Amino acid sequence: MTQEAISITKATTKKEKPASDQLVFGRTFTDHMFILDYEEEKGWFDPRIVPYQPISLDPATMVLHYGQTVFEGMKAYLTDQGDVNLFRPEKNMERLNRSNERMCIPSIDEEFALEAIKQLVKVDKDWIPSAPGTSLYIRPFIISTQPYLGVAPSKRYKFMVILSPVGAYYKEGINPIKIAVENEFVRAVKGGTGEAKTAGNYASSLKAQKTVAEKGYAQVLWLDGLEKKYVEEVGSMNVFFKIDGEIVTPELNGSILEGVTRNSVLQLLKYWNIPVSQRKISIEEVYQAYKAGKLEEAFGSGTAAVISPIGQLAWKDETVTINNGKTGEIAKRLYDTLTGIQYGVKEDPFNWISKLD
Ligand code: COI
């Protein structure tokens, strides 16, 4: 594992920054990026921060053919005091290595990768937007780079980090979104790659996503891949329901992504003494709760989406409106608390914040 010093080559020209109120998720990138190479004989080597630039790949590069790649999503937040906060970044590094393990990618030194991310954010600090609800999205990712058409783990990789100033993930902002329950396609099955943050999971979601987007839905809610019975996740978010006073979220089962925000929501709910359970929950149960007047809230959680209330669910031919299409009390409290901690305006009882020094 590399312990080399990170070299820094500064960009000679700086890009124009978008206005804080014009930010669209994932469209604009900062002036610099981080790169670290891997070769089987050498391990990880040559860590460097360089001007943001295209990378050149041989057309036979394995990632282009077989998708051996993983990524993470994190954010840097600017506080009123001018500090830069990262939210539980070590959890993302741990998950990156879990994804690596599943995808046969060599593990990275988590502390070193986090140090590289911090240095990169420092170099591009003036890109962190300051308007409420905005942040600097951090996208670490690893691609297999060996030029070879055999189906096997690559012998070469690149770990890269790019940064993007962002506003809300959904065009609805923090207003409730409409979600369609997916009844034909599936995202993942146990034993597959659903638990890993890898490109294929997202590629396979596009068809369903495109179909529902045409009907005005923001996302699909995935059911389990075997019976299409149990709720899994929303692809860009984990999902929670408030049923008769209790918060329920699908238990981790090998095909659901273990969200850092999901974990934080669970900790906060327990801290507040709000009943919460992680268990199997069928879509039928959600609909029955609705019919009995007991489905009080639904919301998603994710780094990009933070907390996103679900105002409407459509399954087969039945559409239900949750909490009159309004943001629920728990979703609001979670959103305010998480963002309050992230922007340094609320107490951080679990020491989730890691400051850039
Ligand atoms: C995130 O929340 O950071 C994600 O990775 C979701 C994404 C696919 C936009």
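So, the largest cavity: 13 residues line it, and the ones nearest its centre are Tyr 77, Phe 87, Thr 261, Thr 303 and Gln 342. Its volume comes out at about 100 Å³. And before I go on, keep in mind that this is a predicted model. How many cavities of 30 Å³ or more are there? The count comes to three.

Okay, hang on to Thr 303, one of the residues nearest the centre of that largest cavity, since Thr 303 also turns up around the ligand. The other residues around the ligand are Phe 71, Gly 73, Tyr 137, Arg 139, Tyr 169, Lys 197, Tyr 202 and Ala 304. If you sort that shell by class, you get five nonpolar residues, two polar ones and two charged ones.

Where does the shell come from? Both domain 1, which is 7–166, and domain 2, which is 177–342, supply at least three residues each.

Now for the polar contacts. Lys 197 puts a polar side-chain atom 2.7 Å from an oxygen atom of the ligand. With Ala 304, it's a backbone N or O atom, and that one lies 2.8 Å from a ligand oxygen. Thr 303 also uses a backbone N or O atom, at 3.3 Å from an oxygen of the ligand. And how much of the ligand does the protein bury? On its own the ligand exposes 290 Å², and 91% of that gets buried by the protein.

Last thing, so you can find the spot on the screen: the space the ligand takes up is the largest pocket.

Key:
Residues numbered from 1 in each chain as written. Predicted model: local features only at pLDDT ≥ 70, side-chain atom pairs only at ≥ 80, totals over all residues. Heavy atoms only, no water. Near = heavy atom within 4 Å. Polar contact = N/O pair within 3.5 Å; in protein donor to acceptor, adjacent residues only side chain to side chain. Areas by Shrake-Rupley, 256 points an atom, 1.4 Å probe, with all protein chains shown as cover. 1 Å grid on protein atoms, 1.4 Å probe; cavity = no way out; pocket = protein on both sides within 12 Å on 5 of 7 lines; lining within 4 Å. Sits in = over half its atoms within 2 Å of the grid points. Nonpolar A, V, L, I, M, F, W, Y, C, P; charged D, E, K, R; others polar. Domains from an automatic or database assignment. Points joined across faces, edges and corners; volume = space filled by probe spheres on them.
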